[in-house]
Amino acid sequence: MRYLLKKWIRAGIFCTGLLFFAGSDLTAEAGDIESMENQSSNLKNELDNVNQELLDIGNDIADVEDKIEETTGEIEKTREQLAIAKHSESQQYEELKLRIKYMYENDNISMLEVLVSAESMNDFLNKVDFIQNVSEYDRNKLEEFRTLRKNIADQEQHLVDEKESQVKLQKELDTRQSELKAKADSMSVDLATLRNRIKELRAEEARRAAEEARKAAEEARRQEEEQARKKEEAAEEKKQSDKTTETSAPAKSDSSDKSSSDKKTSSNKGSYDMPSGGGVLTKKKGVNYYNGHRETYYSQKVLPGHGLKIPGRHVASDGTIRDSDGYICVASSDYPKGTVVKTSLGPGKVYDSGCASGTIDLYTDW
């Protein structure tokens, strides 16, 4: 009983904690899949413990049932023995009454005559002793049967009390078994719910990963297409540049110290012809892609740029700001100052920086 009581207390504490744990599992954050999997593992272990408790209680119930059956058999045997003892006691009592009746009611012989008929003192004493022994035997035998009957009756009552205690224990075990079975069923439902939730979250995680991979592939494909388009535009712009360079390039200087092929001059400032075509930067167009770079412009009306120290600075007929050699003044972060670069409006020289990489900013009066 003490062992069973300890098991019941332990099982009760265990199941109380399990209810709280199972409730907290079902309210876990959806994104915390790893934590939910740990909770699922813990819940599975606790469910195994409850099932083991059920198995142990089932064994205890089987043991109690065997004891009840054994006690019942012992009660039946005791009752049979009691019946025999009662019958023996009754039979002995009846025999005693017959002997007394015979001795005191028989007209032919009496106890006194038996004693008087003694032939000697020794015979007399023997007859007296015989009569006393007969009487004492009857009394002892009757008392023996009465004691036996009482002992058997006490044994029967003890067995009946023991059976009642066993039956009570069986009922308690049955009740506890039902409670644990209900608890195990509830835990099984909670475990199944938690596992389904983890499965759903894993599926959602896989779906999001696949969607992100698809978007990444689409973005990579878009960038490849954009790069291919830019290359095509650059090739087209180069063709247009080659056509316009001849008409927009400034004349070579007659000065002997400026005989280099990259030095351009204009004997008549302000007489530049503005190139035409789809690949040329204009005031309205604003942004143009040419020769592998991006062209924009910034106006001296907004940024005067007096600190650039441009020699022979003037406004050409196409609205660009040029130096004394006829180069368009440009800004670039990719080339050192003084570098001559090609633009859609003709050769330019770097005088400023600060624009984004890959961009050439043309200085204009637009």
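Helices here are DSSP runs of at least four residues, numbered from the N terminus. By that count, Glu-65 sits in helix α2.

This is a predicted model. The protein chain has a mean pLDDT of 77. Of its residues, 72% reach 70 or more.

**Low-confidence stretches**

Two stretches deserve caution. The table lists them with their contacts beyond four places in sequence.

| Residues | pLDDT | Contacts beyond four places in sequence |
|---|---|---|
| 1-30 | under 50 | 46 contacts |
| 247-277 | under 50 | 56 contacts |

Where pLDDT is low, the predicted coordinates should not be read in detail. That caution applies to residues 1-30, where pLDDT stays under 50. It applies equally to residues 247-277, where pLDDT also stays under 50.

**A patch of negative charge**

Glu-65 belongs to a negatively charged patch on the surface. Its other members are Asp-63, Asp-66, Glu-69, Glu-70, Glu-74, Glu-162 and Asp-174. Which helices supply at least two residues each? They are α2, residues 33-105, and α4, residues 121-248. Helix α2 gives the largest share, six residues.

**Salt bridges**

How many salt bridges does the model have? The count comes to 15. One of them joins Glu-200 to Arg-197. Their closest N and O atoms are 3.4 Å apart. Both residues lie in helix α4. Three residues separate Glu-200 and Arg-197 in position, about one turn of the helix.

Helix α4 thus appears twice here. It supplies at least two residues of the negative patch, and it holds both Glu-200 and Arg-197.

Terms used. Residues are numbered from 1 along each chain as its sequence is written. This is a predicted model: local features need pLDDT of at least 70, side-chain atom pairs count only at pLDDT 80 or more; totals for chains, interfaces and linings use all residues. Side-chain values use heavy atoms; hydrogens and water are left out. pLDDT is the predictor's confidence in each residue, from 0 to 100. Contact means heavy atoms within 4.5 Å. Patches are made of residues with over 30% relative accessible area and no salt bridge: like charges are joined within 9 Å, nonpolar side chains (Val, Leu, Ile, Met, Phe, Trp, Tyr) within 5 Å. Accessible areas come from the Shrake-Rupley method with a 1.4 Å probe; for residues, only the protein chains shown count as cover. A salt bridge is a side-chain nitrogen of Lys or Arg within 4 Å of a carboxyl oxygen of Asp or Glu. Lys and Arg count as positive and Asp and Glu as negative; His and the chain ends are not counted. The place of a charge is taken as NZ of Lys, CZ of Arg, CG of Asp or CD of Glu.
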